[in-house]
Amino acid sequence: MSVQDFALASEVAARRRWGATAALAALAVLLALISLGIGPVRLSPLAVTEALFGGGSDVAQVIVREIRLPRTILAFAIGGILGLSGAALQGLLRNPLASPSLFGAPQSAAFGAVLVISLGLADVRSYALPVVAIVAAFGSVFALLAIAGRNAGLLILILAGLAISSFAGAATALVMNLSSNPFVVLEIAFWLLGSLEDRSFQHVALALPFIVAGAVILLSQASAFRALTLGEEAAQSLGVDIGRLRLLVITGVALGVGGAVAVTGTIGFIGLVAPHLMRPVIGHDPARLLVPSALAGSALLLAADIAVRIIPSTSDIKVGVLTSIIGVPFFLYLIMRERRALGGGVA
Amino acid sequence: MTLLSATGLNASLGTRKVLHDISLSLAAGHLVALVGPNGAGKTTLLRALAGLIPSSGEIRIGGDALARLPLRERAKRFAYLPQGHMVHWPLPSRDIVALGRYPHGATDPARLSQKDVEAVLRAMQAVDVTAFADRRVTELSGGERSRVALARVLAVEAPVILADEPTASLDPRHQIDVMQKLRNVADTGVLVVVVTHDLGLAARFADDVLVLSEGRLAAQGAPRDALSEAVMADVFRISAYRAEYQREAVIVPWADA
């Protein structure tokens with residue numbers, strides 16, 4: 001094998017990955033346009049594009065740019081950060097079953113937000129909400145990694161995740177239980193289901209800065225995830241600062257998930273599913289999976305959010321419910337596939 | 001000429017003290033075998049030498065104090081091969097070997113400089129793995145995978161290689177092959193430290209043997225001296241059959257059943 005052969009083979013593989021990523025980005029954009037066109041007034045993707053750039057009727061412009069655009073931006077950003085967080089956690093832990101929702105991060109963030117709402121500490125549209133949600137998410141992921149320790153096996157991670165998400169769920173229930181105002185309780189219960197309905201640019205402003213910051217942090221660690229393919233010790237010997245990496249990933253996931261949960265409630269399983277859909281196309285390199293997983297997450301949440309608007313039902317289905325209904329069977333399928341590793345005992 | 005030295009090295013795992021006051025001095029171009037019973041602290045010593053775990057005492061590498069070197073610089077000086085040839089994702093062999101260039105700033109195997117590609121190819125040729133460059137490591141046999149792991153370590157082109165049981169779970173032919181490759185690397189001026197349980201391989205291939213017992217250096221020196229009858233009896237609680245075959249030293253460990 002010559003230097004030229006070696007370079008050529010890398011280039012062919014790289015071109016295929018770029019093609020797949022570009023196709024995925026195109027799909028996400030198309031879904032965004034469809035999402036902008038769906039609602040009481042249906043608009044074609046063409047009319048949507050026209051309205052977006054200031055053409056078409058005034059009514060269409062108002063509908064697309066002011067009513068529907070925030071919802072679509074949030075679906076794109078939140079789906080993206082959930083997919084990215086899942087891929088990053090899977091890279092950090094070298095484990096295909098890692099994801100924010102299995103580790104209780106959104107549940108903990110929701111608990112933080114619910115606490116703020118029910119105690120009336122802050123207005124629902126203040127920055128206190130995402131900040132508390134982020135702190136709670138950080139605490140949960142930090143606790144999970146501390147419990148699991150270095151080189152944690154599947155079993156420990158999943159048991160610890162189960163314990164943390166159950167605890168966060170119980171704490172949330174307690175807050176609702178103690179709340180004296182039944183309307184607040186009902187509102188929280190619906191909010192917990194996860195929805196993108198009726199979101200405004202205020203919500204976008206509330207969540208987006210945190211989501212972007214989280215994404216930048218996670219993407220900056222891409223090559224460290226690749227080095228971790230060889231295990232923590234070998235990665236450390238290659239110059240990766242493992243302690244710093246863990247802290248950065250926890251921070252990135254907490255910022256993204258906390259910011260997302262603060263405006264939409266809990267939307268689960270996108271972080272688990274997105275990287276899995278990408279592996280057959282992109283390969284298993286955890287560094288290369290980050291951007292495609294984010295795009296796949298965006299596409300998934302946009303599609304789910306389109307689906308809840310066109311599935312005929314008497315009351316509207318919450319998008320968080322739909323992603324869980326689809327995500328849980330997928331999770332069961334993954335457990336079946338990983339059965340051998342899980343049966344291997346407490347690693 | 002001394003390349004790597006340690007003075008008064010102590011290290012603990014949790015509350016248990018694993019290494020006690022170890023001092024050693026190792027020369028470039030030598031193959032050093034690190035032997036000792038299970039739990040003697042061989043892996044801990046290897047990790048401490050590479051700066052992967054905290055330790056007290058001084059370690060010097062090529063004239064510099066290890067403690068003062070930044071992580072990236074340490075990574076260029078020590079190539080570390082952990083036990084078990086662990087690979088967590090099914091990446092192609094070439095990408096695994098290319099990770100050896102990570103300390104040199106080549107963090108993406110798809111974007112290697114000419115220099116990095118040459119280093120990767122040299123490493124793959126040295127252990128004869130170019131034939132399965134594009135196959136996933138998870139699809140390789142144990143022997144092939146151990147050679148890919150070795151190629152990854154060679155690709156660092158570091159002055160020191162620390163290998164933790166590189167011959168474990170390999171058949172006799174592959175064990176000899178791996179030791180011979182490491183011997184060849186040492187002959188190019190690299191210091192190679194190998195942890196092994198195979199005293200026969202140590203006697204045959206090593207220039208120096210370090211015998212570790214309960215966290216202390218029980219003996220060090222040429223295989224003949226370090227693996228003496230007394231050391232065998234005290235440290236390993238065995239005796240040994242000694243011979244010479246094709247002008248090389250043969251040691252066969254023996255204990256009454």
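## Close-up views of chains A and B

**Figure 1. B:H85 sits in the loop between strand 6 (78-81) and helix 3 (93-98) of chain B.** The model is predicted. The phi angle of B:H85 is near 50°. That is a positive value in a residue other than glycine. The relative accessible area of B:H85 is 11%. B:H85 is therefore buried, as the limit is under 20%.

**Figure 2. B:Q246 occupies the loop between strand 11 (239-245) and strand 12 (248-254) of chain B.** B:Q246 is not a glycine, yet its phi is positive, at about 50°. Is B:Q246 buried or exposed? Its relative accessible area is 66%. Exposed means over 50%, so B:Q246 counts as exposed.

**Figure 3. B:R204 belongs to helix 7 (residues 199-205) of chain B.** Which residues does B:R204 touch, leaving aside those up to four places away in sequence? They are B:I176, B:E248 and B:A249. B:E248 is 44 residues from B:R204 along the chain. The C-alpha atoms of B:R204 and B:E248 are separated by 6.2 Å. B:R204 is partly exposed, with a relative accessible area of 33%.

**Figure 4. Chain A and chain B meet in a contact that takes 32 residues from chain A and 36 residues from chain B.** B:W89, B:R94 and B:Y102 supply 24% of the area that chain B buries against chain A. No other three residues supply more. Between them, the two chains bury about 3100 Å². Carbon and sulfur atoms carry 65% of that buried area.

**Figure 5. A:R226 lies in helix 9 (residues 222-227) of chain A and touches residues of chain A and chain B.** On the chain A side, A:R226 touches A:D285, A:P286, A:A287 and A:R288. On the chain B side, A:R226 touches B:L99, B:T107, B:D108 and B:P109. Residues up to four places away in sequence are not counted here. How is A:R226 classed, buried or exposed? Its relative accessibility is 4%, so A:R226 counts as buried.

**Figure 6. A:E338 is found in the loop between helix 14 (319-337) and helix 15 (339-343) of chain A.** A:E338 has a relative accessible area of 17%. Because buried means under 20%, A:E338 is buried. A:L97 is 241 residues away from A:E338 along the chain. The C-alpha atoms of A:E338 and A:L97 are separated by 8.7 Å.

**Figure 7. Chain B as a whole contains nine helices and twelve strands.** Its C-alpha atoms fill a box of roughly 55 × 45 × 35 Å, taken along the principal axes. How does the radius of gyration of chain B agree with that of a compact globule? Chain B has 257 residues, so a compact globule would have a radius of gyration near 18 Å. Chain B has 18 Å, which agrees. Of the 257 residues, 56% are buried. Among contacts in chain B with a separation of 6 or more, 65% join residues 24 or more positions apart. The accessible surface of chain B comes to about 11300 Å². Carbon and sulfur atoms hold 48% of that surface. Chain B carries 29 positive and 28 negative side chains. The centres of these two sets lie 5 Å apart.

Conventions:
Residues numbered from 1 in each chain as written. Chains lettered and ligands numbered in written order. Predicted model: local features only at pLDDT ≥ 70, side-chain atom pairs only at ≥ 80, totals over all residues. Heavy atoms only, no water. Helix = DSSP H or I, 4+ residues; strand = E, 2+ residues; numbered from the N terminus. Rg over C-alpha atoms; globule rule 2.2 N^0.38 Å. Buried < 20%, exposed > 50% of the residue type's maximum accessible area, 1.4 Å probe, protein only. Contact = heavy atoms within 4.5 Å. Areas by Shrake-Rupley, 256 points an atom, 1.4 Å probe, with all protein chains shown as cover. Lys, Arg positive; Asp, Glu negative; His and termini not counted. Charge placed at Lys NZ, Arg CZ, Asp CG, Glu CD. Buried area = accessible area lost by both parts, 1.4 Å probe.
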